[in-house]
Amino acid sequence: MEISQKLDKEVIENEEKQASLVSKVLSFISNNSTFVVFVVMLVIAGFLSDRFYTEGNITNVLRQSVPLGLATLGMLYVIITGGIDLSVGSIMALVSVVVALLIPEFGLYPALLGE
C-alpha cells in the first residue's frame, strides 16, 4: 500500500511540475508576444529562403532600417520633451514620393539634393 501511495504522490508531483512549466511558457508567450512573433518570423523566413541569413542580406536589412531608426530617435526626443508631433511619418512618405517623381526628370543626385 505504501509503494502505490508513493507512486501516486510522485505522479501527482510530476503532473504539477509539468502544468507549472506549461503555465510559465504560456505566461512568457503572452507577456512577450511581440518578441515571440518576431522570432517565429525569423525562423520561418530562414526555412523559406536559403539566402535569408547571409551576410549580404543582413547588411541590406540594417542599411534599410537606418532612416527609420533616425526618424524614430527624432520622434522619441520630441515625445520625451512633451511636444507630440506625429507628422514625421507623413512627411517621410511625402518626400519619398516627391523624390521618386523627380528622379526620372532630373536623375538621382539632383532629385535628392533639390537642385
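**Exercise 1. Work out in which order the elements of the protein chain run from the N terminus on.**

Solution. Start with the tally for this predicted model: the secondary structure comes to 5 helices and 0 strands. Reading from the N terminus on, that gives α-α-α-α-α.

**Exercise 2. Find what share of the protein chain's residues counts as buried, and what share of the accessible surface belongs to carbon and sulfur atoms.**

Solution. Step one is the burial count: out of 115 residues, 3% are buried, with the cut-off set at under 20% relative accessible area. Step two is the surface, about 10,100 Å² for the protein chain. Carbon and sulfur atoms hold 69% of that area.

**Exercise 3. Compare the end-to-end reach of α3 and of α4 with the expected span of each.**

Solution. Take α3, residues 55–80, to begin with. Its 26 residues reach 36 Å from first C-alpha to last, close to the 38 Å expected at 1.5 Å a residue. Now check for a bend: there's one of about 35° at Val66, and Pro67, a proline, follows within four residues. Just past the helix, α3 is followed by Gly82, with a positive phi near 105°.

Next up is α4, residues 88–106. Here 19 residues reach 26 Å, again C-alpha to C-alpha, close to an expected 27 Å. What follows α4 is Gly107, and its phi is positive too, near 95°.

**Exercise 4. Decide whether Ala71 is buried or exposed, and work out how far it sits from Met92.**

Solution. First place the residue: Ala71 belongs to helix α3. Its relative accessibility is 17%, so Ala71 counts as buried, given that the limit is 20%. For the distance, go C-alpha to C-alpha: Ala71 and Met92 are 8.7 Å apart in space, with a sequence separation of 21 residues.

**Exercise 5. Identify which elements give two or more residues to the nonpolar surface patch, and which gives the largest share.**

Solution. List some members to get going: the patch includes Leu21, Val22, Phe35, Val39, Phe47 and Tyr53. Together, the patch residues have about 1,200 Å² of accessible area. Sort them by element and two helices turn up with two or more residues each, α1 (2–31) and α2 (33–48). The largest share, 6 residues, is from α1.

Try one member as a test case. Val39 lies in α2, and its relative accessible area is 33%, so Val39 is partly exposed. That also clears the patch threshold of over 30%.

**Exercise 6. Classify the aromatic pair formed by Phe52 and Tyr53.**

Solution. Two numbers are needed, as a pair of aromatic rings is described by the distance of the centres and the angle of the planes. The count comes to 1 aromatic pair. In that pair, Phe52 and Tyr53 are 5.1 Å apart centre to centre, with 75° between the planes. Angles over 60 degrees count as edge-to-face, so this pair is edge-to-face. As for exposure, Phe52 is partly exposed at 24% relative accessibility, and Tyr53 is partly exposed at 49%.

Notes: Residues are numbered from 1 along each chain as its sequence is written. This is a predicted model: local features need pLDDT of at least 70, side-chain atom pairs count only at pLDDT 80 or more; totals for chains, interfaces and linings use all residues. Side-chain values use heavy atoms; hydrogens and water are left out. Rings of Phe, Tyr and Trp (its six-membered ring) pair if their centres lie within 6.5 Å; planes under 30 degrees apart count as stacked, over 60 as edge-to-face and the rest as tilted. Buried means under 20% relative accessible area, exposed over 50%, partly exposed in between (1.4 Å probe, protein chains only). Patches are made of residues with over 30% relative accessible area and no salt bridge: like charges are joined within 9 Å, nonpolar side chains (Val, Leu, Ile, Met, Phe, Trp, Tyr) within 5 Å. Accessible areas come from the Shrake-Rupley method with a 1.4 Å probe; for residues, only the protein chains shown count as cover. A salt bridge is a side-chain nitrogen of Lys or Arg within 4 Å of a carboxyl oxygen of Asp or Glu. The expected span of a helix is 1.5 Å times one less than its number of residues. The bend at a residue is the angle between axes fitted to the seven residues ending there and the seven starting there.
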